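Me: I would like to take a close look at the aromatic side chains in this protein, and then at the parts of the fold around them. Please keep it plain and go step by step.
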Amino acid sequence: MKPRWPMIVLCISVLAASTYSYPTKDEYVVFADNNQKSTVPIVDTTERPLAPVKMTDMRVRSEVALRYARTLVVTRVHNPDKRAQEVTYRMLLPETAFISGFTMILSGKSYKAYVKEKEEAKQIYTQAVSQGIGAAHIATKARDSNHFTVSVNVEGNTTAEFEMRYEEFLVRRNGLYNHAINLHPGAFVPKMEVVVHIKESQKITTLRVPELRTGNEVDATEKDPQNKIAAIQRGTNEREATITFTPDIKEQRRLAAIYVDKTKEKSSSEKYIGYSSDEEEDDDDNTVLGQFVVQYDVDRTDNNEILVNDGYFVHLLAPTSLTPLSKYVVFVLDTSGSMMGRKIVQLRNAMEAILSDLKPNDYFSIVEFNSDVKVHELKEADEEPSPTNSHYYSYFESRPSTPVTLVPSSPATAQNIAKAKVIVSRLNASGGTNIFSALDVALNLVQKGAQKKNETEPLPKAAAVAVTSTEATQKKGKELEPIIIFLTDGDPTVGETNTARIITSITEKNSGEKRAALYSLAFGEDADRTFLRKVSLRNEGFMRHIYEAADAALQLHDFYRQVSSPLLSHVQFLYPSKQIKEGSVSKTQFRTINAGSEVAIVGQIADDVTELTPEVSGFCGNDDGVGRKRYQISPKVTVSRNKDESLPLERLWAYLTIKQLLDKRDADDDQSIDENSPEKKALAIALKYEFVTPLTSLVVVKPEQTNAVDVESVDKTWGPAPSFAQGGLPLALDAAQFPEALVEDEVDSDFYISSPRPITAKQPAYATTTAQSSDNIELYEWTESLLNPTNNSLVFNDDGTEVILELSSDVDPPKADGGDGECSNSTSTSSVGANENAGNVCVYLTRCYTARSITADDYQKSYCIVNNNNNRYAGICCARSEVDKNP
């Protein structure tokens, strides 16, 4: 048996997630001593217990510009004991986010993480191990959430600081952007502050901050109670807003108690493993505060907007005033044995609500599948329940399928919806999972098309099609929009079970003008999400994970609402080839754009172009709700070569391009990797912009050695969770209990810890100032409320004018080109440290000793600008006697 050693663990966890992205699996990080030597001290039980490590403060800063959120999380922990202790920093990020930076400040030294290609990072790890250098490789699963964990030694009587950055594009759903930050600090924090700054190009029309949520709920609505202690400050131009949330210990305890009450019905597999203290012992949920959410939308007077900055553009389209297209929905519902119990009840409840949302001009069919496939006929509702009173499609390996007449679709009348609700109320779970046959039948229904029960009775004639002349356009004008909603909780077990063959066959069959959008719902943890994601990506749709929780029915209904009102179909964005750089534009064709959503196209503008003139075309619904007509717009925008630092269009371009290239990689059958493959292109962009993606790894430097251990994918079962003793001391873990072989093909994102490598002062500094910052800005605590972490500057309003003043990371504070000049009334209204016998000069703020003790309000009254080499640095009007004064 391998040696064991205990460690003090402080689990610092912050989750910024989309609506359903919350922790679903327990994850442990284990370090073993294979060489009988460890730099982590062994706890001597004969001595007094170690004083528990304390988290002193936690700050979250989010800069949201044009729906693109850049978030910085800074946490500090203090080791009050004279002996060193092991501290574990942990974060879980949403599936939509890319980590873009991580720094540790330990004993006054700053250690920055860097991004490497996965294979190169693995080589670094392997080489470190072979040379006897301490290293650790922790595998994570990126599709659900990015698990980030670092364990480090914190010296006695010192403070450690961790800075994490991540970026994500906020997707509009149900008419709102939702920016969510889950607060799982692991302990009650004396100083906690969350600041979200929003800056949009259009007026912010809706802005809500609901009460903290559990993270296992659908999006909040206007009916939900609002956060009473969140302060909202709107800008004078109504395009900006700052939301500040600073819960004290008393409020944190109240929120934690509410969280526990809301999550009592969750199963033990849904519990979040966090931090145990003397007070909380093993009840980790006692320090989970919940999910802090900011919801907003912008003015939709012009549903089409193009923004240009520094050679990049973003084209946003969110139609709101169009009549929804009539649709034909085929519900494909899994009723196999694994759906037994709560799942089938939740499915019935969800379908009852979903059926009520169908519109009068819609058509629908219900396909139930287990070992067999059944297309329900509405007359079943008038009969006694019987397994033989409907049409069956029997697909068994032992016999060929028997062709049967397809049951006609049903118009969504009130009477038909009532009958359909009776049918879904009778759904029961049994048998296997015949996925291929179910999807094959659904496509047969789509290709047959919506029709009246009387085959000779035509569909309602569409109104005259506007702006059309070809026969193809007239034909499209009479079509319904086909949608397949496919729900399953498992793998194919009956009939065709090879998922690759299922995807190929379904994709080949789903073609032509009646090609349907296929949306897959993975219900619970056992569904094959990789397979479902691929089959949806190949068939104009996407996959969503429905968590098996108390509100699963609400999750299902909420998902349906997002795709149930198509406003545009067959949408195409066309950009003149001479106006854009070849290969730089993201996805330009969309099967549908739904109500409450938004599409974004990004690209690079060709050199010397002065105007961008794209064309957007598609089909929208007729005013009478029947049929469709041509949609076409031709927006224009003047191209300016000026650079606006507040518009992150270049990083937005990189982010969306990587996301879409990864989707293309996952959807393609051809997995060859050459220079022009989606994977290679995505990798090159990820490395350039330092994004941690499924193709790259974050290499974290670590100043203390820890012997190597490989931890397998979080999908593997590692046995029972370790119990925690009082004081946060976990019981000793034997590494032999855990797998040692890394399963590389199951890993989507990971990071490494390797040998020491301190950051020098010349390396790029992070926006939040650290103990290593050359300008000692951390001594000026009042700067936190004005700090813009994106461009390392102080930002505030002066009589309605936005003032942006740069901060310096150089060793020597910047000085004005002409030397220290006297302050003038035009630059400040007061000075600090002034007296009657001293003159006042404009100097960089860290040169003014008195500036340490002022407030942010004081600074806004006494600021000035230090012009140095065309840079505008943050200056302050300071008494000469206080300039460069030593403490």
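Which residues form one aromatic cluster?

Reply: The cluster consists of Tyr68, Phe98, Tyr655 and Phe691. Keep in mind that this is a predicted model.

Start with the whole chain, to give the aromatic residues a setting. The protein chain has 887 residues, and 57% of them count as buried. Its secondary structure is made up of twelve helices and 46 strands. About 36,700 Å² of the protein chain is exposed, and 48% of that area comes from carbon and sulfur atoms. Among contacts with a separation of 6 or more, 79% are between residues 24 or more positions apart.

Now the aromatic pairs. Two rings are paired if their centres lie within 6.5 Å, and by this rule there are 20 aromatic pairs. One of them joins Phe331 and Tyr560, with 6.0 Å from centre to centre and 45 degrees between the planes, an arrangement that counts as tilted. Phe331 belongs to strand 20 (residues 327-334) and Tyr560 to helix 9, so the pair links distant parts of the chain, 229 residues apart. Phe331 and Tyr560 are both buried.

A second pair has another geometry. The ring centres of Trp653 and Tyr689 are 6.5 Å apart and their planes meet at 65 degrees, which is why the pair is edge-to-face. Because Trp653 is in helix 10 and Tyr689 is in helix 11 (residues 678-689), this pair ties together parts 36 residues apart in sequence. Trp653 and Tyr689 are buried as well.

Tyr560 leads on to helix 9. Helix 9 covers residues 552-563, twelve residues, which should span 16 Å at 1.5 Å a residue; the C-alpha atoms at its ends are 17 Å apart, so the expected and modelled lengths agree. Most of helix 9 is covered, with ten of its twelve residues buried. Among the buried residues are Leu556, Phe559, Tyr560 and Val563, and the list also includes Gln555, His557 and Asp558.

Arg561 lies in helix 9 too. It counts as partly exposed because its relative accessible area is 38%, and partly exposed means between 20% and 50%. Leaving aside neighbours within four places in sequence, Arg561 is in contact with Asn174 and Asp357. From Arg561 to Arg173 there are 388 residues along the sequence, but in space their C-alpha atoms are 9.1 Å apart.

Trp653 leads on to helix 8. Helix 10 (649-667), where Trp653 lies, is included in what covers the buried residues of helix 8. The cover of helix 8 also includes helix 5 (435-448), strand 25 (481-488), helix 7 (499-509), strand 26 (517-523) and strand 27 (543-546). Helix 8 runs over residues 529-537, and seven of its nine residues are buried, so the rest of the structure largely encloses it. Those buried residues are Arg529, Phe531, Leu532, Arg533, Lys534, Val535 and Ser536. The list includes an aromatic residue, Phe531, alongside charged ones such as Arg533 and Lys534.

A charged residue can also be buried in a loop. Glu598 sits in the loop that runs between strand 29 (589-594) and strand 30 (599-604). It counts as buried because its relative accessibility is 13%, and the limit is under 20%. The side chain of Glu598 makes a polar contact of 3.0 Å with the side chain of Arg67, and another of 2.8 Å with the side chain of Tyr177. Beyond its neighbours within four places in sequence, Glu598 is in contact with Arg67, Arg172, Tyr177, Arg300, Leu316, Leu317 and Ala318.

Last, an example from the strands. Strand 13 (residues 191-199) is mostly covered, since seven of its nine residues are buried. Strand 13 pairs with strand 2 (residues 54-65) in the parallel sense, over nine bridges, and Glu63 stands opposite His197 of strand 13. With strand 16 (residues 240-245), strand 13 runs antiparallel and is joined by six bridges. Here Val195 stands opposite Thr244 of strand 16.

To return to the request, the cluster you asked about is Tyr68, Phe98, Tyr655 and Phe691.

Definitions and conventions. Residues numbered from 1 in each chain as written. Predicted model: local features only at pLDDT ≥ 70, side-chain atom pairs only at ≥ 80, totals over all residues. Heavy atoms only, no water. Helix = DSSP H or I, 4+ residues; strand = E, 2+ residues; numbered from the N terminus. Buried < 20%, exposed > 50% of the residue type's maximum accessible area, 1.4 Å probe, protein only. Contact = heavy atoms within 4.5 Å. Areas by Shrake-Rupley, 256 points an atom, 1.4 Å probe, with all protein chains shown as cover. Pairing = 2+ DSSP bridges. Polar contact = N/O pair within 3.5 Å; in protein donor to acceptor, adjacent residues only side chain to side chain. Expected span 1.5 Å × (residues − 1). Phe/Tyr/Trp six-rings, centres within 6.5 Å; stacked < 30°, edge-to-face > 60°.
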